[in-house]
Amino acid sequence: MQKIKIYDTTLRDGEQTPGVNLNFSEKLEIAKQLERLNVDIIEAGFPAASKGDASSVQKIAQTIKNSTVTGLARCVQSDMDIAWESLKDGVNPRLHIFLATSPIHREYKLKMTKEQVIETSVEAVKYAAAKFPVVQWSAEDASRTELPFLAEIVEKVIQAGAHVINIPDTVGYGTPYDYGQIFKYLKENVPSIHKVDLSTHCHDDLGLAVANSLAAIENGATQVEGTINGIGERAGNTALEEVALALRIRKDYYNTETRLHLQEISRTSSVVSKLTGMIVPANKAVVGANAFAHESGIHQDGVLKEKSTYEIISPELVGFASNNLVLGKHSGRHAFKNRLEELGLVVEEEEISELFADFKDLADRKKEMTDDDLTALVLEKKISKEDQYYQLLSIEVQSKGNEHSATITLSGRNNENITKTGIGKGSVEAVYNTLESMVDENVNLLDYRIQSVGAGRDALAQVFVKMRCLEMDTSGRGLAQDVIEASAKAYLNAINRVLYIKESSDSELVK
Ligand SMILES: CC(=O)SCCNC(=O)CCNC(=O)[C@H](O)C(C)(C)COP(=O)(O)OP(=O)(O)OC[C@H]1O[C@@H](n2cnc3c(N)ncnc32)[C@H](O)[C@@H]1OP(=O)(O)O
Ligand SMILES: CC(C)C(=O)C(=O)O
Ligand SMILES: [Mg+2]
């Protein structure tokens, strides 16, 4: 049976999603969850993009042991040097370099001839292969490239030392048939193709990313790239969980296998959604809230008689297993710790007491604590540690008709307590006006979204905001049982991130 390698680029191409801006702790948390999912390769970032990117790729490479960590670089020596510094401490350091090959990109973007694109790629692969044990080369916009030229350059970069050749459908232009034919053509026309892994990397502009990736696999790809929940630039990337399930459920057809721990899929999806703020639509395949729900009478009748009538994936296969142990305010430390372990939420011993106190506090107000609540609680606690300039101490909102006022106490940047009152046309506006006057920065709110974690009237509220502050676009996330408190926390989280980036921009992050 053909083995298919799973290459996750949630932290690189996924982070190119407009408005998604992960801090280091969030990236590390996602990387650890991808390792639990057992992906073969984690593309952790683009080290040359910024010091922060270089630093987080470096720390992820140093931490992750069971997946290979890679990073992206242009065919530019300084990009590759920075990537080497970030990746050299990882297990089997691997570099991903790319250069566009299509006529449109050659003429308008790179302003290079075919010969220059070949020469630049070959030189870059040689330079990279002298440092890295594994080098992947990508032909950006491959699906709009003349096939004979694509075959020619692929042969030359293999001879220069590339171990993996990626054929991206960068702008989501391909259709399953013609994208699949590119792989067939390369298999038949590149003499050294048997020496490398052929990789597929698709975008979803026409909603065909998963279908195209599967067509590539049918035609010889042995590595598939994508992101969790399909997040990414524009319409996003191939949703890896969908490809993985298609390969598993239709093993009879594809005759392939991956090393993924499929039962980690729902948790991975939830972690990525919570940390990026990219909400998973209810009807999303494999991980949507309705993916296993049956509404109509005839379907329900069928499922009651025999599940396989309408269910081709069992929820347990992707980790939606129901748990018999209900956690609530009467639960003890052992059950709490045990559940965290079952959920794969790795928490240091010294953090348990603090988390358990938060759990009890919340459980006092909520009837039942769901797995989603626990995941949100733990992520919130772990992630919020990185950048704590302003902290919310108390908040009180009063409303009289159309007049709303908020009185807020914060712990400030020097641990001093600040209290202020402000007004607004709605309660959230009153809170945000008050906070703006307290943090002393000009803040432009660009987006505000609210989502409930779990169901029921006592569900937790998660608020995502995007704002512009100190000439930077930033995002923030807040979790609380009360929507006003969650809104205030999201605002402060965004402000704290900007201050963190600003204050660390002068310091040398990669040593
Ligand atoms: C399809 C993809 O997803 S590709 C990855 C996209 N991701 C990103 O771009 C995120 C990270 N990027 C960045 O932080 C920045 O773009 C940087 C640091 C890499 C470069 O920044 P800048 O030096 O300011 O250049 P800028 O981004 O404006 O332009 C890109 C330059 O790289 C060139 N370039 C583009 N791709 C490549 C490549 N693969 N190899 C070599 N040069 C390239 C462009 O032609 C342009 O060159 P020019 O300045 O001579 O016209
Ligand atoms: C860098 C490459 C692989 C890419 O993301 C694309 O072409 O979509
Ligand atoms: Mg891409």
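Which loop holds histidine 203? I looked this up first and found histidine 203 in the loop between strand S8 (197-202) and helix H8 (209-218). I note at the outset that I am working with a predicted model.

**Entry: the annotated binding site**

I turned to the UniProt record for this region. Under "binding site", in an unreviewed entry, UniProt lists Asp13, His201, His203 and Asn237. I then checked how these residues are placed: they span 225 residues in sequence, yet no two of their C-alpha atoms are more than 10.3 Å apart, so they gather at one spot.

**Entry: ligand 2**

I listed the residues around ligand 2. The shell consists of Arg12, Asp13, Leu72, His96, Phe98, Ser138, Glu140, Asn166, Pro168, Thr170, His201 and His203. Sorted by class, this shell has three nonpolar, six polar and three charged residues.

I went on to the polar contacts of ligand 2. For aspartate 13, an N or O atom in the side chain is 3.0 Å from an oxygen atom of ligand 2. For threonine 170, I read 2.6 Å between a polar side-chain atom and an oxygen atom of the ligand. Histidine 203 also takes part, with a polar side-chain atom 3.0 Å from an oxygen atom of ligand 2. On its own, ligand 2 has 260 Å² of accessible area, and the protein covers 94% of that. I recorded S5, strand S6 (134-140) and strand S7 (164-169) as the elements that give two or more residues to the shell around ligand 2.

**Entry: ligand 1**

Which residues come nearest to ligand 1? I found 15 residues around this ligand, of which Arg12, Gln16, Arg74, Cys75 and Phe98 come nearest. By class, I noted nine nonpolar, two polar and four charged residues in the shell.

I examined three contacts made by nitrogen atoms of ligand 1. In glutamine 16, a polar side-chain atom lies 3.1 Å from a nitrogen atom of the ligand. In cysteine 75, the partner is a polar backbone atom, 3.0 Å from a nitrogen atom of ligand 1. In phenylalanine 98, a polar backbone atom is 2.5 Å from a nitrogen atom of ligand 1. I also looked up the cover: ligand 1 taken alone exposes 1000 Å², and the protein buries 52% of this area. Strand S4 (68-74), strand S5 (94-100) and helix H4 (103-110) are the elements that give two or more residues to this shell.

I compared the two lists of neighbours. Arg12 and Phe98 are named among the nearest residues of ligand 1, and Arg12 and Phe98 also surround ligand 2.

**Entry: the annotated domain**

I returned to UniProt for the domain assignment. An unreviewed entry places the feature "domain: Pyruvate carboxyltransferase" at residues 4-266. In the model, I found this span to be 44% helix and 17% strand, and its end C-alpha atoms lie 21 Å apart.

**Entry: cavities**

How many cavities of 30 Å³ or more does the structure hold? I counted three of them, and about 110 Å³ of space lies in the largest. This largest cavity is lined by 15 residues, and those closest to its centre are Thr276, Gly277, Phe464, Ser475 and Gly476. I traced the lining to the elements that give it two or more residues, namely helix H11 (265-276), strand S15 (460-469) and strand S16 (472-480). By class, I recorded four nonpolar, six polar and five charged residues in the lining of the largest cavity.

Technical notes: Residues numbered from 1 in each chain as written. Chains lettered and ligands numbered in written order. Predicted model: local features only at pLDDT ≥ 70, side-chain atom pairs only at ≥ 80, totals over all residues. Heavy atoms only, no water. Near = heavy atom within 4 Å. Polar contact = N/O pair within 3.5 Å; in protein donor to acceptor, adjacent residues only side chain to side chain. Areas by Shrake-Rupley, 256 points an atom, 1.4 Å probe, with all protein chains shown as cover. Helix = DSSP H or I, 4+ residues; strand = E, 2+ residues; numbered from the N terminus. Nonpolar A, V, L, I, M, F, W, Y, C, P; charged D, E, K, R; others polar. 1 Å grid on protein atoms, 1.4 Å probe; cavity = no way out; pocket = protein on both sides within 12 Å on 5 of 7 lines; lining within 4 Å. Points joined across faces, edges and corners; volume = space filled by probe spheres on them. UniProt positions renumbered as here; feature names shortened; annotations may be inferred.
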